[in-house]
Amino acid sequence: MILSGSVRAAARLMRDIEDGMPGTDVALKELYRHTGRARVIGITGSPGAGKSTICDQLIKAYRNDGKKVGVVAVDPSSPYSGGALLGDRIRMQEHATDPGVFIRSMATRGNLGGLSASTCDVIKVMDAMGCDMVLVETVGVGQDEIDIARAAHTTIVVLIPGMGDDIQAIKAGLLEVADCFVVNKADRDGADKVERELRVMLDMRGARKGEWTPPIVRMVALKGEGIDSLKGAVAQHGAFLADDTWAGALAVQRRKCELVEVIRSKLRIAVDGVIDSYAGGIDAISAELGPGGRDPYSVADELIEKAIESLSEKK
Ligand SMILES: Nc1nc2c(ncn2[C@@H]2O[C@H](COP(=O)(O)OP(=O)(O)OP(=O)(O)O)[C@@H](O)[C@H]2O)c(=O)[nH]1
Ligand SMILES: [Mg+2]
């Protein structure tokens with residue numbers, strides 16, 4: 001159904017993945033063979049940096065090329081109803097009626113197996129649906145977001161002027177996952193300074209031979225300025241990834257992350273299931289713990305053992 005382009009079937013599966021419904025595995029196993037065509041582009045950066053505005057510009061640019069575009073907006077904190085867009089994404093809604101654009105929002109709600117695992121699954125569905133490009137917007141704060149960035153082929157890190165010392169903290173975590181930097185809001189003072197600081201950091205790291213050096217693209221996303229350079233940088237990185245000397249190793253690296261995610265997610269769901277089957281759940285189990293009672297190590301062993309039993313029963 002999804003392979004033949006049924007948007008409703010795909011939307012339902014993506015909602016089930018978000019809600020952590022059992023049984024999505026069956027569909028994903030089927031779909032997997034049909035994935036691998038889409039280019040996945042992560043867009044990350046601090047809140048309000050202009051990620052959605054950049055996404056919007058990229059959607060326009062790729063649609064002009066006749067490409068099908070999927071967008072996954074990952075919002076780690078604010079709760080909102082499934083499929084609904086955050087206020088700031090109203091701009092993207094102009095694409096909502098375009099049959100070549102699919103937009104999904106992911107919230108932590110219901111993501112039993114972890115946000116990054118379910119985001120990866122949603123990306124796969126969009127890939128199998130025939131999306132040429134999948135844009136994934138995340139707020140670059142936590143480990144989840146960094147894991148999601150790793151799942152992308154190309155990760156764009158968005159910085160803005162006036163971040164002060166924050167830039168150091170943000171860059172430290174994101175430098176290693178960045179394939180391209182955007183200095184957005186270049187219409188404001190301080191864009192030069194951010195760019196200079198970035199160059200110093202990149203120079204300090206030093207380019208190892210044959211390694212990719214992330215380009216720095218200046219943008220005024222609100223006006224669409226710099227979008228062609230960004231598109232060019234993404235295309236260049238794509239060509240680099242396709243280079244024989246790197247393609248194999250990078251693909252294995254990405255698949256390794258993927259496998260670890262799936263293992264973690266399955267275990268987490270299984271253990272949660274076992275805990276839920278106890279009357280009183282985790283609180284009741286924890287109440288038995290303490291120096292005079294049971295120790296957490298044995299209890300954890302017991303829960304994990306039961307979880308593994310439940311997994312083999314499911315087969
Ligand atoms: N001056 C200026 N403002 C911009 C530019 N790009 C985006 N903005 C504004 O910055 C604000 C935040 O933009 P968004 O695209 O929503 O930023 P975001 O990173 O997606 O924000 P969150 O998803 O909330 O983290 C909006 O008011 C935009 O209009 C720019 O190039 N220059
Ligand atoms: Mg946004």
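**Fold, sheet order and local packing in the predicted model**

The secondary structure of the protein amounts to eleven helices and seven strands. The coordinates come from a predicted model, with a mean pLDDT of 83 for the protein and 83% of its residues at 70 or more. Confidence is highest in strand S7 (residues 216-218), at a mean of 96, and lowest in helix H6 (residues 166-174), at 61. Over residues 78-90 pLDDT stays under 50, and for this stretch the model has 22 contacts beyond four places in sequence. Where pLDDT is low, the predicted coordinates should not be read in detail. Of the 315 residues of the protein, 46% count as buried. Among contacts between residues at least 6 apart in sequence, 76% join residues at least 24 apart.

The strands form an open sheet of seven, in the order S3-S2-S4-S1-S5-S6-S7, with parallel pairing. Strand S3 (101-107) and S7 are the edge strands, each of which pairs on one side only. On average, neighbouring strands of this sheet are turned by 20° against each other, direction ignored. Strands of a sheet pair through backbone hydrogen bonds, either parallel or antiparallel. At the S3 edge, strand S2 (residues 69-75) runs parallel to S3 and is joined to S3 by seven bridges; Arg104 in S3 is the bridge partner of Val72.

Strand S1 (residues 39-45) has seven of its seven residues buried. Arg39, Ile41, Ile43 and Gly45 lie on one side of S1, and Val40, Gly42 and Thr44 on the other; both faces of the strand are thus covered. In a regular strand the side chains alternate between the two faces of the sheet. S1 is joined in parallel to strand S4 (residues 133-139) by seven bridges, with Gly42 opposite Val136 in S4. The pairing of S1 with S5 is likewise parallel and comprises five bridges, and the bridge partner of Ile43 in S5 is Ile156.

Further along the sheet, strand S5 (residues 154-159) and S6 run parallel and are joined by four bridges. In this pairing Val157 stands opposite Phe181 in S6. Strand S6 (residues 180-183) is covered on both faces, with Cys180 and Val182 buried on one side and Phe181 and Val183 buried on the other. Three bridges connect S6 with S7, again in the parallel sense, and Val183 stands opposite Arg218 in S7. In the loop between S6 and H7 lies Lys185, whose phi is near 60°, a positive value in a residue other than glycine. Most residues other than glycine have a negative phi, and most peptide bonds are trans.

Helix H2 (residues 24-32) has buried residues at Thr24, Leu28 and Leu31. Viewed down the axis of H2, these buried residues fall within an arc of 65°, and they therefore line one face of the helix. Val26, Lys29 and Glu30, on the other side of H2, are exposed. The cover over the buried residues of H2 includes helix H1 (7-19) and helix H4 (115-128).

A search of the whole structure yields one aromatic pair. The ring centres of Trp212 and Phe240 are 5.3 Å apart and the ring planes stand at 40°, so the pair is classed as tilted. This pair links distant parts of the chain, 28 residues apart: Trp212 belongs to the loop between helix H7 (191-205) and S7, whereas Phe240 belongs to helix H8 (residues 227-242). Trp212 counts as buried because its relative accessibility is 17%, under the cut-off of 20%. Phe240 is also buried, with a relative accessible area of 18%.

Helix H8 also contains His237, which counts as buried at 3% relative accessibility. The C-alpha atoms of His237 and Trp212 are separated by 8.0 Å, although the two residues are 25 apart along the chain. Not counting residues up to four places away in sequence, His237 touches His153, Thr154, Asp179 and Trp212. Trp212 is thus a contact of His237 and the ring partner of Phe240.

Key. Residues are numbered from 1 along each chain as its sequence is written. Chains are lettered from A and ligands numbered from 1 in the order in which they are written. This is a predicted model: local features need pLDDT of at least 70, side-chain atom pairs count only at pLDDT 80 or more; totals for chains, interfaces and linings use all residues. Side-chain values use heavy atoms; hydrogens and water are left out. pLDDT is the predictor's confidence in each residue, from 0 to 100. Helices (H or I, at least four residues) and strands (E, at least two) are DSSP runs, numbered from the N terminus. Contact means heavy atoms within 4.5 Å. Two strands pair if DSSP finds at least two bridges between them. Axes are lines fitted to C-alpha atoms, for helices over the stretch in contact, and angles run from 0 to 180 degrees between N-to-C directions. Buried means under 20% relative accessible area, exposed over 50%, partly exposed in between (1.4 Å probe, protein chains only). The arc is that of the directions from the helix axis to the C-beta atoms. Rings of Phe, Tyr and Trp (its six-membered ring) pair if their centres lie within 6.5 Å; planes under 30 degrees apart count as stacked, over 60 as edge-to-face and the rest as tilted.
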